[in-house]
Amino acid sequence: MTVAALLNQLEGIQERGLGRWSAKCPAHADRNPSLSIREGERGVLLRCWAGCSLAEICAALGVQVAD
């Protein structure tokens, strides 16, 4: 999955710098962007600062971790 395809599925996207964004986490009722998105060397890196796991985030997006 590309970063562009992932960003199209998210809400409240804010650019945080070159290859970095934040957005509302799809795995919980997020009012403020707590999901960090970053382009990594081998793919897209995701982290929810509210504590959602990568598996929960991917399930909410309908993708596999390997995607």
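1. The lining of the largest pocket is made up of 10 nonpolar, 2 polar and 2 charged residues, and it seems a good place to begin reading this model, which is a predicted one. The pocket holds about 240 Å³ of space, and of the 14 residues that line it, V44, L46, Q64, V65 and D67 are those that lie nearest its centre.

2. If we ask where this lining comes from, two elements give two or more residues to it, namely β4 and the helix α2, which covers residues 54–61. Of the elements, β4 gives the most, with 3 residues, and that is a reason to look next at the sheet to which this strand belongs.

3. The sheet is an open one, in which 4 strands follow each other in the order β1-β2-β3-β4 with antiparallel pairing. Because β1 (11–17) and β4 (44–48) each have a single partner strand, they stand at the edges, and one side of each is left without a neighbour in the sheet. On average, and with direction ignored, neighbouring strands are turned by 20° against each other. As a general reminder, the strands of a sheet pair through backbone hydrogen bonds, in either a parallel or an antiparallel way.

4. Starting at one edge, β1 is joined by 4 bridges to β2, which spans residues 20–24 and runs antiparallel to it. Two of the bridge partners can be followed by name in the model: E11 is matched with K24 in β2, while G17 is matched with R20. In the hairpin that these strands form, 2 residues lie between them, and G19 takes a positive phi near 75°.

5. Moving inward, β2 and β3 (residues 35–39) are also antiparallel, and they are joined by 4 bridges. Here S22 has S36 in β3 as its bridge partner, and W21 stands opposite I37 in β3.

6. Between β3 and β4, which again run antiparallel, there are 5 bridges. Which residue of β4 stands opposite I37? It is L46, a residue already named among those nearest the centre of the largest pocket, so that I37 can be traced to W21 in one direction and to L46 in the other. The hairpin of β3 and β4 has 4 residues between its strands, and within this hairpin G43 takes a positive phi near 150°.

7. A last point concerns the aromatic side chains, for which the count of aromatic pairs in the structure is 0. A contact of another kind can nevertheless be found, since R47 lies over the face of W49, at 3.7 Å from the ring centre.

Terms used:
Residues are numbered from 1 along each chain as its sequence is written. This is a predicted model: local features need pLDDT of at least 70, side-chain atom pairs count only at pLDDT 80 or more; totals for chains, interfaces and linings use all residues. Side-chain values use heavy atoms; hydrogens and water are left out. Two strands pair if DSSP finds at least two bridges between them. Axes are lines fitted to C-alpha atoms, for helices over the stretch in contact, and angles run from 0 to 180 degrees between N-to-C directions. On a 1 Å grid over the protein atoms alone, a cavity is a set of points where a 1.4 Å probe fits but cannot get out, and a pocket is an open set with protein on both sides within 12 Å along at least five of seven lines; lining residues have an atom within 4 Å of a point. Grid points are joined across faces, edges and corners, and a volume is the space filled by probe spheres set on the points. Ala, Val, Leu, Ile, Met, Phe, Trp, Tyr, Cys and Pro count as nonpolar, Asp, Glu, Lys and Arg as charged, and the others, Gly among them, as polar. Rings of Phe, Tyr and Trp (its six-membered ring) pair if their centres lie within 6.5 Å; planes under 30 degrees apart count as stacked, over 60 as edge-to-face and the rest as tilted. A charge sits over a ring if NZ of Lys or CZ of Arg is within 6 Å of the ring centre and within 35 degrees of the ring normal.
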